[in-house]
Amino acid sequence: MSISLWQDSQKRTNSSAQSFDVVVIGAGIAGISTAYWLLREDAGLKIALVEKGEIGDGATGRNAGFITCGSVEHFNRLLEKHGEKEALEIWRFSEKNLSLLEEHIIGDDHANLQFEKKGSFSLASTEVEFNELKNSYKLMTELGIDVEVLELEDIETRLQAKGFLGGIKYVGDASIHPMKLIEKINALNLKDDNFTLLENSEVFDIEQAGENKIVRTKKGALETPIVIMATNGYSPLLHDFFKDKIYPTRGQILATEPVERFMEGPCYANFVLDYFRQLPSGELVIGGFRQLQKDAEIGYSDETSDVIQEALEAFLVKHVPKVKDAKITHRWSGIMGFSVDGQPMVGAIPTDQQIYFLGGFTAHGLGLAFHSAKCLVDVLFDREIPSFISAKRF
Ligand SMILES: Cc1cc2nc3c(=O)[nH]c(=O)nc-3n(C[C@H](O)[C@H](O)[C@H](O)COP(=O)(O)OP(=O)(O)OC[C@H]3O[C@@H](n4cnc5c(N)ncnc54)[C@H](O)[C@@H]3O)c2cc1C
């Protein structure tokens, strides 16, 4: 949100700054995880996590809950773009994201977090896409990644989905209740006396004050030597550096009332643009179709549109007839941060080495952000991180 001259003069003068060693802005999966890894360093750092609304108000509380590997494109394309070594590294990075989540956060708390590790599916409704998926299967198998090919009959029996020619299953993928996940990480953070969560405190400016930064929030000022922006899609609103690097992109979803469980696992379709899954509690969640309104789906307005919501409903009738008569109970949208090359960005702003950031998760933050946050802390402590996520590549 912008700030007027009058609001600015009032908010800037009437506050004395609280001091912290690190101020993290944005309480989505990225910011909450960054605070988690900073606290694990046991360096005695006093950390504030500042959020404009409440935790999970951004994309993290509005996504579909897939924890999937890889990236926004089929593996054959990833390999073409990055080469074999880096494509495999990208895949292993997100596998590690899931194993870190399991080790540090999920444990055996599966039922409470609605965590299921049943793999995920990519389904093709055209020969062209099915051929790409079969090619991806071959390439991935050669590299030791656990995948399975599905023919039409498998899809109809295991997923009860119609209108697809075939697909592949990524065996190691998972799904979760995203709000329960971040609430659990946040609860671990709150146990530490060095951690402060400041909600309803939108940051409207970051300014230099001697050797420190003053982070101006609507609730007062914070002084710190290190700022970390975990604002993902909203980052260009706070710093110009992100204007040509992270693009705010809207995604829309609808959910039905619960029906008896019938699907083996979560599914992507149409080159990863559309997706649907049945929750452990029976609801069917479906999202995607931003390709129908490309221009309208860029920006910060988290509203739903008739065009996309109608397309989601039509998809259900055609491809998931089991729920075609189920009542639709929720429709929502959220703002994602898309990076230029589809990979996350982790590092410091080149012209200001006191402002660090992580973002650009390109619709895959649950599959990437916990590990990316660990890497950001590695950067802060002068440890190496993979070059494909390093912001130095720009
Ligand atoms: C409809 C939809 C479906 C999706 N499905 C999936 C999925 O199934 N799996 C998956 O992996 N990913 C999915 N994603 C993407 C995923 O949600 C994001 O990649 C992830 O949540 C990004 O996390 P984040 O913490 O970086 O950003 P966010 O969750 O957006 O957090 C940024 C936070 O910063 C706060 N903020 C912004 N500006 C300021 C400011 N000036 N001051 C203070 N606070 C500020 C915001 O309020 C917000 O809480 C989906 C996204 C959407 C919208």
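This is a short tour of a predicted model, starting at the ligand and moving out to two sheets.

**Stop 1: the ligand and its shell**

Select the ligand, then the residues around it, 35 in number. Those that come nearest are Glu51, Thr60, Phe66, Gly365 and Leu366. If you colour the shell by residue class, 18 residues are nonpolar, 13 are polar and four are charged.

**Stop 2: polar atoms at the ligand**

Show Glu51 as sticks. An N or O atom in the side chain of Glu51 is 2.6 Å from an oxygen atom of the ligand. Next, select Asn63, where a polar side-chain atom lies 3.1 Å from a ligand oxygen atom. For Ala363, display the backbone: one of its N or O atoms there is 3.0 Å from a nitrogen atom of the ligand. Now switch on the surface. On its own the ligand has 1,000 Å² of accessible area, and the protein covers 98% of this.

**Stop 3: where the shell comes from**

Return to the cartoon and select helix H2 (29-40), strand E14 (246-256), strand E18 (328-339) and helix H10 (365-380); each of these supplies at least two residues of the shell. H10 gives the largest share, three residues.

Then colour domain 1 (5-62 + 179-245 + 342-393) and domain 2 (120-172 + 248-339) separately. Why does the ligand lie between them? Both domains give residues to the shell around the ligand, so it lies between the two.

**Stop 4: the sheet of eight strands**

Stay with E14 and E18, which belong to an open sheet of eight strands. Following the sheet across, the order is E6-E7-E5-E15-E16-E17-E14-E18, and the pairing is mixed. At the edges are strand E6 (147-151) and E18, each of which pairs on one side only. On average, neighbouring strands in this sheet are turned by 20° against each other, direction ignored.

Zoom in on E14 and E18. Eleven bridges link these two strands, which pair in the antiparallel sense. Select Ala255 to find His330 of E18 opposite.

**Stop 5: the sheet of six strands**

Move to another open sheet, built of six strands in the order E9-E3-E2-E13-E20-E19 with mixed pairing. Its edge strands are strand E9 (195-198) and strand E19 (345-349), each pairing on one side only. From one strand to the next, the twist averages 20°.

End at E19 and strand E20 (residues 352-359). These run antiparallel and are joined by five bridges. Which residue of E20 is the bridge partner of Met345? Select Gly359, the partner of Met345 in E20.

Conventions. Residues numbered from 1 in each chain as written. Predicted model: local features only at pLDDT ≥ 70, side-chain atom pairs only at ≥ 80, totals over all residues. Heavy atoms only, no water. Near = heavy atom within 4 Å. Polar contact = N/O pair within 3.5 Å; in protein donor to acceptor, adjacent residues only side chain to side chain. Areas by Shrake-Rupley, 256 points an atom, 1.4 Å probe, with all protein chains shown as cover. Helix = DSSP H or I, 4+ residues; strand = E, 2+ residues; numbered from the N terminus. Nonpolar A, V, L, I, M, F, W, Y, C, P; charged D, E, K, R; others polar. Domains from an automatic or database assignment. Pairing = 2+ DSSP bridges. Axes fitted to C-alpha atoms, helices over the stretch in contact; angles between N-to-C directions.
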